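Visitor: Could you walk me through this model and show how each label is earned?
Guide: Gladly; here it comes.

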Amino acid sequence: MFDSPNLESKIVEIYNLHYLDVYRFLIYFMGNQNDAEDLTQEVFIRVLKSLPKFNSNYPLKTWILSIAKHVAIDHYRKRRFTALFKEGFFKQLSSSDKKPDEEFEITETKRLIHGAIATLKPDFRAVVILRGINEFSVSETAAVLQCSMAKVKVDYHRALKILKKKLNIEIEGALTNAK
C-alpha cells in the first residue's frame, strides 16, 4: 500500500491525522500526561514499523487505535495499578476563565470521574474511554478493541452501571464533563 518514495510524506500525514485521537485515548487510559506522551510516541513507532504490513481493507484509524490499546495494556501490565493515576495529572490541566469555586467543582468532578474510570477493569475502561469520552461508534470501538459489537455494547452497559453505582450520579452527563 505504501511505496518507499511517498512513505515519509504518508507517515507525516498519518501522524497529523491520528495523533490527537491516540494521545486523547492514552491520556484517559493512563491518567498521566507524561506517560501518554511517551506511549503516543511508542504507538507511532509501532505504526511506522508495521505500516508495510498494514492491510488496507481495514480502516487505518481503528488499526492505529488498536495498536494504542495494546501499547497501553502492555504498559499497564508493567506498572502497578495504584501508581497509574496520580493527582498531578489533574493539576496540570489548564484553567479557564471560570471562578475559582466553579473551577474547583469541575476539577473535583473530573477527579471523581477519572478515579472511578481508573477502578474499572481494563476492558471496561477502554470501552468507556472510546465510547463515552471519545464518542467512537460501536463498530469503531469494536474494531479498535478487536471484539464483537455485541461485546462492546455489553461491556459499555456494564461499565456504565458500575460507574453509576460508584459515582451515584447520572453517567451520560458525567462522561461529557470528563473531557
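Guide: What follows is a short round of questions about labels and their cut-offs.
Guide: This is a predicted model, in which local features need pLDDT of at least 70, side-chain atom pairs count only at pLDDT 80 or more, and totals for chains, interfaces and linings use all residues. Residues are numbered from 1 along each chain as its sequence is written, and side-chain values use heavy atoms, with hydrogens and water left out.

Visitor: What makes up the fold of the chain, in helices and strands?
Guide: The chain has nine helices and zero strands. Helices (H or I, at least four residues) and strands (E, at least two) are DSSP runs, numbered from the N terminus.

Visitor: Why is Ile67 called buried?
Guide: Buried means under 20% relative accessible area, exposed over 50%, and partly exposed in between (1.4 Å probe, protein chains only). Ile67 has 11% relative accessibility, so Ile67 counts as buried. Ile67 sits in helix 3, and its C-alpha is 8.1 Å from that of Val144, with the two positions 77 residues apart in sequence numbering.

Visitor: And why does Lys165 count as exposed?
Guide: Lys165 reaches 72% relative accessibility, therefore Lys165 counts as exposed. This lysine lies in helix 8 (residues 149-167).

Visitor: What makes a nonpolar core?
Guide: A nonpolar core is a set of buried Ala, Val, Leu, Ile, Met, Phe, Trp, Tyr and Cys residues joined through side-chain atoms within 4.5 Å. The largest one here has 48 residues, and Phe25 and Trp63 are among those with the most contacts inside it. Helix 3 gives the largest share of this core, ten residues.
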